[in-house]
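Please look through the structure shown below, and then work through the questions and answers that follow it. Each answer sets out its reasoning before it ends on what was asked.

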Amino acid sequence: MKSLPDSLSPWLPSRLVTLGTDGFGRSDNREHLRSHFEISAEAIVGATLSKLAREGKFKAKAAQKAMDELGLNVEAVDPARA
């Protein structure tokens with residue numbers, strides 16, 4: 001569940017990157033469920049690169065290139081609201 005860490009994040013010195021599923025029954029198998037809720041291996045790598053780029057620890061252009069190569073849609077709607 002993402003709701004608890006998301007509610008704590010504003011009070012912490014560094015922004016959390018929460019992963020998890022806030023719902024079930026949206027996909028016909030686990031692979032599609034992981035993809036939908038952005039908890040697949042590719043999405044975890046993308047979340048990590050994004051946070052590192054925001055913190056200045058990784059080049060933003062390199063992070064964007066990696067996300068493109070992983071097939072991640074950075075403009076996608078939050079899966080908890082989709």
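Q: Where in the chain is Thr18 found?
A: The model discussed here is a predicted one, and its helices serve as landmarks for placing a residue. Helix H1 covers 3-8 and helix H2 covers 30-36. Thr18 is found in the loop between helix H1 and helix H2.

Q: Is Thr18 buried or exposed?
A: A residue counts as buried when its relative accessible area is under 20%, and as exposed when that area is over 50%. For Thr18 the relative accessible area is 17%, and because this value falls under the cut-off for burial, Thr18 is buried.

Q: Which residue has a side chain joined to that of Thr18 by a polar contact?
A: When neighbours within four places in sequence are left aside, Thr18 is in contact with Lys2, Pro5 and Asp6. Pro5 lies 13 residues from Thr18 along the chain, and the C-alpha atoms of these two are separated by 6.5 Å. The polar contact between side chains, at 2.6 Å, joins Thr18 to Asp6.

Q: How many helices does the protein have?
A: There are zero strands in the protein, and from the N terminus on, its elements run α-α-α-α. The number of helices is four.

Q: What percentage of the residues of the protein count as buried?
A: The accessible surface of the protein comes to about 6,100 Å², and 56% of that surface belongs to carbon and sulfur atoms. Burial is counted residue by residue, with under 20% relative accessible area as the cut-off. Of the 82 residues, the part that counts as buried is 22%.

Q: What is the distance between the end C-alpha atoms of H3, and why does it agree with the expected span?
A: Helix H3 has 14 residues, and at 1.5 Å a residue they should span 20 Å. The expected span is 1.5 Å times one less than the number of residues, which is why the calculation does not simply use all the residues of the helix. The end C-alpha atoms of H3 agree with this expectation, being apart by 20 Å.

Q: Which helix do the buried residues of H3 pack against?
A: In H3, the buried residues are Ala43, Gly46, Ala47, Leu49 and Lys51. Seen from the other partner, what covers the buried residues of H4 includes helix H3, residues 41-54. The buried residues of H3 pack against H4.

Q: Why do the buried residues of H4 line one face of the helix, and within what arc do they fall?
A: Helix H4 runs over residues 60-70, and Ala63, Ala66 and Met67 are buried in it. Seen down the axis of H4, these buried residues are gathered in one arc, so they line one face of the helix. On the other side of H4, Lys61, Lys65, Asp68 and Glu69 are exposed. The arc of the buried residues is 100°.

Q: Which residue follows H4 and has a positive phi?
A: A glycine with a positive phi comes after H3 as well, namely Gly56, whose phi is near 80°. After H4, the phi is near 75°, and the residue is Gly71.

Q: With which residue does Lys51 meet in a salt bridge?
A: Lys51 has its place in helix H3, and at 19% relative accessibility it counts as buried. Not counting residues up to four places away in sequence, Lys51 touches Ser14, Arg15 and Val17. Side chains of opposite charge can pair when their charged atoms come close. The salt bridge of Lys51, 2.7 Å from N to O, is with Glu55.

Q: Which residues are linked in a network of salt bridges?
A: Glu55, partly exposed with a relative accessible area of 35%, meets Lys51 in one salt bridge. The side chain of Glu55 also meets that of Lys57 in a salt bridge of 3.5 Å, N to O, and Lys57 is exposed, with a relative accessible area of 62%. The linked residues are Lys51, Glu55 and Lys57.

Q: By about how much of the helix are Lys65 and Glu69 separated?
A: Lys65 forms a salt bridge with Glu69, with the closest N and O atoms 3.7 Å apart, and both residues are exposed. An α-helix has 3.6 residues a turn, so residues three or four places apart point the same way. Being four residues apart in helix H4, Lys65 and Glu69 are separated by about one helical turn.

Definitions and conventions. Residues are numbered from 1 along each chain as its sequence is written. This is a predicted model: local features need pLDDT of at least 70, side-chain atom pairs count only at pLDDT 80 or more; totals for chains, interfaces and linings use all residues. Side-chain values use heavy atoms; hydrogens and water are left out. Helices (H or I, at least four residues) and strands (E, at least two) are DSSP runs, numbered from the N terminus. Buried means under 20% relative accessible area, exposed over 50%, partly exposed in between (1.4 Å probe, protein chains only). Contact means heavy atoms within 4.5 Å. A polar contact is a pair of N or O atoms within 3.5 Å; within protein, one must be able to donate a hydrogen and the other to accept it, and residues adjacent in sequence count only if both atoms are side-chain atoms. The arc is that of the directions from the helix axis to the C-beta atoms. Accessible areas come from the Shrake-Rupley method with a 1.4 Å probe; for residues, only the protein chains shown count as cover. A salt bridge is a side-chain nitrogen of Lys or Arg within 4 Å of a carboxyl oxygen of Asp or Glu.
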